[in-house]
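Welcome! Please take a moment to look over the model below before reading on.

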Amino acid sequence: MTKSIYIYSIQAKQLECEPSGKGLIIIFKIFDEQDKELEVILDSIKDAITIVDKDCITKYWNKAAEKMYGISRKDIVGKHIREFFPSSLLPRIIKEEKSYENIYNSPRESSFNIISASPLYCKGELVGGLSLDRDITDHIRTAELLSKARSNLDVLQQEITAINKNHSSFSMILGNSSKFREAVNLARDVARSNINVLICGESGTGKELFARAIHMESGREGLYVPINCSAMPNELIESELFGYAAGAFTGALKEGRTGKIELAHKGTLFLDEIGDMPLHMQPKILRVLEDGEVTKVGGEKSIKVNIRIIAATNRNLNEMVEKGTFRKDLYYRLNSVLINLPPLRERKDDIPLLANRFVQNYCMEYGLNILNISPQVMDAFIQHDWEGNVRELANIIERMVVIAKNNKLSSLDANTLPENINVKKKSYKDAGDENPNPYDLNYILANAERDAVVNAMIMAENNKSAAAKILNIPRSTLYFKLQKYGLSDGYI
């Protein structure tokens with residue numbers, strides 16, 4: 001048997017020498033005589049090779065073993081293997097006369113390998129043992145890092161989910177006016193039911209914010225899937241909602257496509273601007289609501305879906321029903337719960353609260369210290385009609401924050417306002433310097449409001465929380481009015 005062939009033969013489960021015993025004798029003889037050619041062959045193997053005699057005295061230790069364990073050949077050869085590796089597998093395989101393959105082993109602290117070990121026999125007599133160790137320490141450490149990273153990602157995912165929930169839930173919906181709070185309370189009450197909801201309100205009043213909050217509070221397992229009916233071409237809306245089968249039409253994907261309704265299974269489908277849905281599509285949506293089934297375009301098989309529909313519109317669906325441009329039966333299925341969102345001009349007491357929150361958000365986004373809103377600007381906000389509602393307010397404040405940053409301003413003053421928002425030349429606290437028209441309703445109302453604030457603060461002994469309760473307004477609104485009328489320093 002040649003030396004190279006013998007190297008491969010030593011990897012068998014149980015290594016038997018030739019009948020004459022020459023094979024094993026050759027091994028030990030070569031080791032004893034330090035055969036250079038055999039050492040070169042064994043040292044070229046990347047796995048650590050260890051050979052011991054039946055007394056567990058180390059007879060051979062290749063270069064891979066030296067590198068793996070940091071022990072030189074001259075230090076370990078001739079020594080008992082357990083002097084260096086107390087948990088070595090070799091004494092065990094000699095004692096049990098049993099082979100082990102691909103065993104996870106940690107011979108020393110912070111050292112990990114996969115070991116295969118076999119007893120050596122000659123003429124049926126046990127004469128020693130051999131092991132091949134493959135170092136997996138780097139793999140184990142990498143796995144531990146991956147496990148730690150995965151654990152951190154899980155924690156981060158939970159935190160992100162909680163953050164997203166807070167950002168999408170009712171806690172992020174700001175407003176204290178009575179009509180608005182009624183809408184919030186109604187939405188919260190129906191959130192955990194499966195009932196369909198119709199949200200009505202002008203553009204920018206927060207219809208999608210309500211829809212997301214309802215979904216987040218619902219506890220439904222599936223996704224929140226929004227679709228804007230007004231932004232979808234008539235010829236594409238059916239395939240977007242219902243999906244299509246493979247080869248349904250020219251240009252279709254070979255594998256077909258899943259529709260939005262199917263994606264929302266066990267979740268919520270938000271149909272924004274439902275009033276713009278084409279008339280021919282309305283009975284198909286009605287069928288989904290009634291049967292809980294969807295059929296892909298070009299498909300034959302119906303798919304069961306469990307969805308909750310929240311619809312929203314800025315149009316008068318009642319008038320559309322009377323004109324025949326919206327199906328009556330679909331309308332009554334959608335508005336099981338009707339939530340009306342008031343426009344911003346009908347809840348102007350909420351403007352200081354909203355404005356200050358938007359300033360905080362955009363200052364954080366653009367890396368600024370929180371800017372103050374001057375009384376002149378806040379007064380202009382309150383007097384403005386806000387046809388674009390809360391969305392318009394948010395957009396204008398973002399623009400003002402950017403201008404303030406570029407001009408290094410410390411507050412949002414009249415110079416940052418867009419031209420379409422008018423600013424009064426004088427604040428109400430200066431009105432006494434002139435001779436105003438005693439019949440000017442704005443002047444009369446302003447003075448009456450100022451007197452009410454002063455009297456409430458006197459009754460509350462300068463306690464702003466108590467004064468806000470007396471006036472039945474949010475505390476943030478009171479702060480604004482105190483600043484507006486120059487009454488921030490107290491009265492007693």
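What follows is a short tour of two serines and a surface patch.

This is a predicted model, where local features need pLDDT of at least 70, side-chain atom pairs count only at pLDDT 80 or more, and totals for chains, interfaces and linings use all residues. Residues are numbered from 1 along each chain as its sequence is written, and side-chain values use heavy atoms, with hydrogens and water left out.

The table gives the relative accessibility of three residues; buried means under 20% relative accessible area, exposed over 50%, and partly exposed in between (1.4 Å probe, protein chains only).

| Residue | Relative accessibility | Class |
|---|---|---|
| Ser 88 | 11% | buried |
| Ser 374 | 15% | buried |
| Ile 444 | 39% | partly exposed |

Let us begin with Ser 88, which sits in the loop between α5 (73–76) and α6 (90–96). Its side chain reaches the backbone nitrogen of Leu 90 at 3.3 Å. Leaving aside residues up to four places away in sequence, Ser 88 touches Ile 81 and Arg 82; contact here means heavy atoms within 4.5 Å.

Ser 374 also has a loop position, between β16 (372–373) and α16 (375–383). Which residues does Ser 374 touch, not counting those up to four places away in sequence? They are Leu 412, Asp 413 and Ala 414.

Finally, Ile 444 belongs to helix α18 (residues 441–459). Helices (H or I, at least four residues) and strands (E, at least two) are DSSP runs, numbered from the N terminus. Together with Leu 441 and Leu 445, Ile 444 forms a nonpolar patch on the surface, with about 290 Å² of accessible area. Such patches are made of residues with over 30% relative accessible area and no salt bridge (a side-chain nitrogen of Lys or Arg within 4 Å of a carboxyl oxygen of Asp or Glu); nonpolar side chains (Val, Leu, Ile, Met, Phe, Trp, Tyr) are joined within 5 Å, and like charges within 9 Å. Accessible areas come from the Shrake-Rupley method with a 1.4 Å probe, and for residues only the protein chains shown count as cover.

Terms used: Polar contact = N/O pair within 3.5 Å; in protein donor to acceptor, adjacent residues only side chain to side chain.
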